[in-house]
Amino acid sequence: MKFLILFGLLAVVFGIHSPYFSVSPEAIRQGFVAVDFNHDGFMTLNEVQEFSKKRDLNGDGFVSYTEYKLSQPQKTPNRIVRGQFKYYDKLDGEIDDKISPSGDVNLMNILDTNKNGEVTLEEFEENMPKIVVGITKEIDALVVVG
């Protein structure tokens with residue numbers, strides 16, 4: 001959950017600003033550690049996929065909006081959760097209201113700068129702004145009613 005929360009709660013990371021989130025470098029490190037299950041200092045596709053599988057509560061191979069929302073802190077505003085979900089939904093190339101395992105591969109492609117199949121903490125910190133910008137754009141695109 002920390003991994004998804006981390007992506008969702010990022011805002012001011014290395015000069016990238018968002019009106020929605022604020023996170024410290026320590027929180028980024030903690031998010032990395034939460035996915036680095038074997039604590040070897042590298043995040044792999046297998047670890048990201050394992051992390052995603054834990055969100056797939058009904059075991060159908062996808063994370064629905066309801067499943068995603070249940071993985072977020074209860075007080076997270078719906079607009080932010082919806083924007084986060086939309087970002088991850090698009091990572092697989094299809095907008096189908098579900099986060100698919102192929103999105104994990106695309107997420108790794110964003111984070112793994114040197115394309116060696118492992119993401120170091122430094123790569124994670126370096127590439128998180130791209131994810132923050134993407135999530136922020138999705139949140140901004142949602143119409144606020146009321």
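Over residues 106-134 the chain is 69% helix and 7% strand, with the end C-alpha atoms sitting 13 Å apart. That stretch is one of two that UniProt, in an unreviewed entry, labels "domain: EF-hand"; the other covers residues 23-58. Everything here comes from a predicted model.

Zooming out, the protein chain has seven helices and four strands. Read from the N terminus, the order is α-α-β-α-β-α-α-β-α-β-α. The chain runs to 146 residues, and 45% of them count as buried. About 7,600 Å² of the protein chain is exposed, 56% of it supplied by carbon and sulfur atoms. As for how the chain folds back on itself, take the contacts between residues at least 6 apart in sequence: 55% of these join residues at least 24 apart.

On to the inside. In soluble globular proteins, nonpolar side chains tend to be buried together. Here the largest nonpolar core has 26 residues, and M43, Y68, Y88, L111, V119, F124 and I131 are the ones with the most contacts inside it. Two or more residues each come from α2, α3, α4 (65-70), α5, α6 (101-111) and α7. Helix α7 gives the most, with six residues.

Helix α3 also holds F51. With a relative accessible area of just 3%, F51 falls under the 20% cut-off and so counts as buried. In sequence, F51 and D104 are 53 residues apart, while in space their C-alpha atoms are 9.7 Å apart.

Then there are the charges. Side chains of opposite charge can pair when their charged atoms come close. How many salt bridges does the structure hold? There are two.

One of them joins E26 to R29, with the closest N and O atoms 2.9 Å apart. Both residues belong to helix α2 (residues 25-35), and because they are three residues apart there, about one helical turn separates E26 and R29. Neither end of this pair is buried: E26 is partly exposed at 36% relative accessibility, and R29 is partly exposed too, at 34%.

The other salt bridge brings together the side chains of K90 and E138, at 2.8 Å from N to O. This pair links distant parts of the chain, since K90 sits in helix α5 (residues 78-90) and E138 in helix α7 (residues 121-141), 48 residues apart. Are the two partners buried or exposed? K90 is partly exposed, at 35% relative accessibility, whereas E138 is buried, at 11%. Helix α7, then, holds E138 of this salt bridge and also gives the most residues to the largest nonpolar core.

Not every buried acid has a partner, and D56 is a case in point. Where does D56 lie? The residue is found in the loop between α3 (45-53) and β2 (63-64). D56 is buried but has no salt bridge. Its nearest side chain of opposite charge belongs to K53, 8.8 Å away, and the 4 Å limit for a salt bridge is therefore not met. As for what does surround D56, leaving aside residues up to four places away in sequence, it touches G61, F62, V63 and E67. So two buried acidic residues can be set side by side: E138, buried at 11% relative accessibility, has its salt bridge to K90, while D56 is buried without one.

Conventions
Residues numbered from 1 in each chain as written. Predicted model: local features only at pLDDT ≥ 70, side-chain atom pairs only at ≥ 80, totals over all residues. Heavy atoms only, no water. UniProt positions renumbered as here; feature names shortened; annotations may be inferred. Buried < 20%, exposed > 50% of the residue type's maximum accessible area, 1.4 Å probe, protein only. Contact = heavy atoms within 4.5 Å. Areas by Shrake-Rupley, 256 points an atom, 1.4 Å probe, with all protein chains shown as cover. Lys, Arg positive; Asp, Glu negative; His and termini not counted. Core = buried A, V, L, I, M, F, W, Y, C linked by side-chain atoms within 4.5 Å.
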